[in-house]
Amino acid sequence: MIKNFVKITLLLLLLPLTFNSCIKGNDFVVNEESASLDNIINIELIDVVEGKETAVTTNYLKEKWEKEIYIEDDVKVTLNKFEILQSETEEGVKTYFLKAKSTDGTINTGSFILLNKDANGDNIFLLGSKTCSCKGCSSGCELIIDGTRCWCSSCPPGEDCVKTETIIIEEE
């Protein structure tokens, strides 16, 4: 009887761990920061490159955004944490944002994304044309979305936080 009790207890403890690991295997969890880039490296993302839809990885975006930050601000940065933020417009339409955060916490950057389904019914994310960044202190200056708007939280007194928005307008 004690053996059965121990087996049942162990089973009940291990079952949620197995279930959670299956859910997070190859998909983002909305509003939860990734433990590491490796956890989300295989997420399917679609980017429009030179007018064509191209599948990209989070590693591709990480390198692209690090390069853009270096070119714009002459700052070498390592982006190591990703998160999908979810919000809602005033009309009740869900919005999603792929956010990356630097190792030292001073830079948050990312892009709005559209959640779609592929031919198999699996989630894919299409990168949007609007990007936002917050650069400044490590104890604040957090990138926040509200519908389709971006905000940066405040820094402690005496420290600055700079917000940048970019929108790509396609020529017809």
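## Terms and model

A helix here is a DSSP run of H or I, at least four residues, and helices are numbered from the N terminus. That is how α2 gets its name. The model is predicted.

## The whole chain

The protein chain has two helices and nine strands. Along the sequence, their pattern reads α-β-β-α-β-β-β-β-β-β-β.

The protein chain has 172 residues, and 33% of them are buried. About 11,300 Å² of the chain is exposed. Carbon and sulfur atoms supply 55% of that area. Now take the contacts between residues at least 6 apart in sequence. Of these, 43% join residues at least 24 apart.

## Helix α2: its length

Helix α2 covers residues 58-73, which makes 16 residues. How far apart should its ends be? At 1.5 Å a residue, the expected span is 22 Å. The C-alpha atoms at the two ends are 22 Å apart, so the model agrees with the expected value.

## Helix α2: its two faces

Which residues of α2 are buried? They are Thr-58, Leu-61, Lys-62, Trp-65, Glu-66 and Ile-69. These residues cover an arc of only 130° around the axis, so they lie on the same side of α2. The general rule helps here. An α-helix has 3.6 residues a turn, so residues three or four places apart point the same way.

Now turn to the face of α2 directed away from the buried side. Lys-67 and Ile-71 are carried there, and both are exposed.

## Just past the helix

What comes just after α2? Asp-74 follows, with a positive phi of about 55°.

Key:
Residues are numbered from 1 along each chain as its sequence is written. This is a predicted model: local features need pLDDT of at least 70, side-chain atom pairs count only at pLDDT 80 or more; totals for chains, interfaces and linings use all residues. Side-chain values use heavy atoms; hydrogens and water are left out. Buried means under 20% relative accessible area, exposed over 50%, partly exposed in between (1.4 Å probe, protein chains only). Contact means heavy atoms within 4.5 Å. Accessible areas come from the Shrake-Rupley method with a 1.4 Å probe; for residues, only the protein chains shown count as cover. The expected span of a helix is 1.5 Å times one less than its number of residues. The arc is that of the directions from the helix axis to the C-beta atoms.
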